[in-house]
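Work through the following exercises with the sequence and the structure side by side. Each one sets a task and then gives a solution in steps.

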Amino acid sequence: MTKEFKRLDGRKYNELRKMTAKVGIIPNADGSALFAFGNTIAIAAVYGPRKLHPQHMQDPSTGVLRCNYDLLSFSVEDRKKPGPSRRSQEISKVTGWSLEPVIDLEAFPNTVIDVQIYILQADAGTRTAGINAASMALAHAGIPMKDLVCSVAVGKLDKDFVVDLTKEEEDFEDGEGATDFAMAKLANSDEFSLLQMDGKISPERIKELLNLVSESSKEIYEVQKKALKEAITHE
Amino acid sequence: MEISNVTKEYLAKLFSQQKRFDGRSLLEFRDIHVSTEVSNKAEGSARVKLGNTEVVVGVKLGTDAPYPDSPDKGNLMCTGELLPLASPAFESGPPSFRAIELGRLVDRAIRASGMIDLSKLVITPGEKVWTIYIDIYPINDDGNLIDAANIGAVIALKTAKMPKIDENGKIDYENRKGSLPILEDNFPLAFSFFKLGDSIIVDPTREEEEAAEARVTFGLSKFNKHHIVNSCQKIGKITFTKEEIEKMMDILPDKFDKLSEKLKKVL
Amino acid sequence: MKKEIEQAHEALEYDPNASVKRKAVVPGEIIVEGEDYLPGEGTKRQGENVISTRLGLAEEAGRVVRVIPIFGAFIPRKNNVVIGRIIDITFNGWLVDIDSASNSFLPIDEVPHFINKNEMDQFLDIGDIIAAKIWSIKSKGIDLALKGKGLGRLEGGFIFRIIPSRVPRVIGREGSMINLIKEKTGCNITVGQNGWIWISGTSVENEIKARRAIEFVSEKVHVNGLTEKVEEWFQENEK
């Protein structure tokens, strides 16, 4: 199925780009973190639980997770005009849903937990880097969580599986073209909280992608844990 | 929590005794750290840390029609966004006064200094020119965003590389080469003075800035060894006395020289 | 079982000087395996294991396992002393910002002496600071009371904020740490559980020193022998 095929940057098919993670980069925030996959850099800040305005949006039975993702205008080659695009609005929503399963929001009625994710430099996998950063930022903010969330994009270039696609790989057009499947899962269980793809892939092969994500998540989890624990020991 | 009456009064008392919580004198700046290449997708970018205040600024080039009243000049557009990330006080939504002001003040300081020769940014006269976009993003607001942003904008502009126009008239961002058309020695900087009671301070922390009752910001540059004030804006309900303004004019040249010396080393 | 957990927490007041084995844990991480262990604060049972639900330091007290949170917003509890800022005056009390997710209210009845409804702003005006006790917590908000020693309008001095989860160590076991700082600086200090702290002393030098000492303590998480470190700090800062 996957022979020794060459990726443009020399990585093996299941090799992640070099990851960077740091916690506590924004002193004003209750929790904050940076996470990078190679050249894709995401920063996240968490404020909360805090008061939700306007008051009529408050829910007396549960807290609300409000997630905002966007690109900084100079993070991409063609400058992005300030203000949320439809793409960023969609990613904001699915990112929020990828994180919510680990937070017990019902413990914070009438409040909001604000998660802000911004991309400093984009080279594909921005939403996955964002989720990894946000997951750390939530833990750093002291939000009670039942697990961390790990996210990575896996896919297929023609018939070959790949993990953590670069922008060049996303633009691959030969044969079956590129299939890009962004996923997120809880670090310590087989629960998937983000599933988003486009391309062409058979149901059988999707099962294999799930395994690839599980494997990669272990590496991501180690990086997240290390950064979070450093925030404690270096205080 | 919004600043309390007691803390405001206490800060006024501290300042009147020439003291500050962090031990600085009233006209002393915090430590400045500057780095470049925040994003490899930007033509130029900088990260500025002024104490705990952190601002990133990026420069992007695009092409547009020129403005109708300047057909032989390129465009300059400077925008500031107060991302909710940077402070519990920033909210999502349409830009606040502070966000609008941030972009406009940095814009005027740079534009009026003549640092950028916009006439060299014409591609086809009257039809197609380069637009320089400067985008300012505070990452952590611990006071004095304008001065920090101005530093970032100037460093980003000075380290930026021009993209090319290829044979089809499209922008080729991959092969950036050569600087933007900027005057070498020109280094426009902003200096904001904040007033609380009868005291004037520079480079406030967020707490000090919240207590301040007025602010005046000057954009300064240097041309042929002469200091020039390029821009000025005062906000806030109370007044500045003639004496206070004169004193600012006395100390500005020296502050400018010291800061621009420090920053030239970064480049 | 619940009682055993509560007793364990009381016995295990956070004492940074105690040489208890503590390990850093992240949410979801297994702390101990085995049904014998009881999940205390910051943990939960998952199958046979006790896992952490917080980023912090895990420690065992007998059968009980808990995680001391190192970061986190203020979770209001009854009887907490908090420092708040008056944001509005209504017909029967004052709206108070205690920097928490819940609204809080000081009813006119919970004030030590009778206040005429027309003179409410003379007693407490918008922007004033109070030290108050949390009297009751309801779904629509928190009620505060000013009846108690050291509570009331705070005059003079200044307030500043530390991360709320650091408050226990700034106070210290039975107040030992905060009393040390008060002694060394001669300042009145009120520490709110919500992370806000009021300092008022006899000189600006001492007041600033007290603030910096508190910030020093709040930034040290993991340090055994914190009391000695603070004594050293005061010696070094003898100015």
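A residue counts as buried if 20 or more other C-beta atoms lie within 10 Å of its own, as exposed if 12 or fewer do, and as partly exposed in between, with the C-beta atoms placed from the backbone. The model is predicted, and local features need pLDDT of at least 70, side-chain atom pairs count only at pLDDT 80 or more, while totals for chains, interfaces and linings use all residues. Residues are numbered from 1 along each chain as its sequence is written, and chains are lettered from A and ligands numbered from 1 in the order in which they are written.

**Exercise 1. Describe chain C and its helix α4.**

Begin with the whole chain: of the 239 residues of chain C, 42% count as buried. Next, list its elements, where helices (H or I, at least four residues) and strands (E, at least two) are DSSP runs numbered from the N terminus; chain C has six helices and 16 strands.

Now turn to helix α4 of chain C, residues 176-185, in which M177(C), I178(C), I181(C) and T185(C) are buried. These residues cover an arc of only 95° around the axis, so they lie on the same side of α4(C), the arc being that of the directions from the helix axis to the C-beta atoms. On the face turned away from this buried side, α4(C) carries the exposed residues S176(C) and E183(C). The cover over the buried residues of α4(C) includes α3 (167-171), β15 (188-191), α5 (204-219) and α6 (226-236) of chain C. Just after the helix, G186(C) takes a positive phi of about 65°.

**Exercise 2. Trace a sheet in chain C.**

Two strands pair if DSSP finds at least two bridges between them. With this rule, four strands of chain C form an open sheet in the order β1-β6-β7-β3, with mixed pairing. The edge strands are β1 (23-25) and β3 (38-39) of chain C, each of which pairs on one side only. Within the sheet, β6 (residues 56-61) and β7 (residues 64-69) of chain C are joined in the antiparallel sense over six bridges, and L57(C) has I68(C) in β7(C) as its bridge partner.

**Exercise 3. Decide how compact chain A is, and follow one of its hairpins.**

First count the elements: chain A has four helices and nine strands, and from the N terminus on they run β-β-β-β-α-β-α-β-β-α-β-β-α. The radius of gyration of chain A is 18 Å, close to the 18 Å that the globule rule gives for 235 residues, so chain A is as compact as a globular protein of that length. Here the radius is taken over C-alpha atoms, and the globule rule is 2.2 Å times the number of residues to the power 0.38.

As a second step, note that buried residues make up 55% of the 235 residues in chain A. For the hairpin, look at β8 (residues 178-186) and β9 (residues 192-198) of chain A, which pair in the antiparallel sense over six bridges. Five residues form the hairpin connection from β8(A) to β9(A), and D180(A) stands opposite D198(A) in β9(A).

**Exercise 4. Which residues does A44(A) touch, and how many residues of chain A are in contact with chain C?**

Two residues are in contact if their C-beta atoms, placed from the backbone, lie within 7 Å. Not counting residues up to four places away in sequence, A44(A) touches S32(A), A33(A), V115(A), Q116(A), I117(A), G130(A), A133(A), A134(A) and A137(A).

For the second part, 27 residues of chain A are in contact with 20 residues of chain C. The elements giving two or more residues to this side of chain A are β3 (40-51), α2 (126-140) and α4 (203-233) of chain A, and the largest share, five residues, comes from α4(A).

**Exercise 5. Is K158(B) buried or exposed?**

Start from its place in helix α3 of chain B, where K158(B) lies. Because K158(B) has 22 C-beta neighbours inside 10 Å, it counts as buried. Leaving aside neighbours within four places in sequence, K158(B) is in contact with I182(B) and L267(B).
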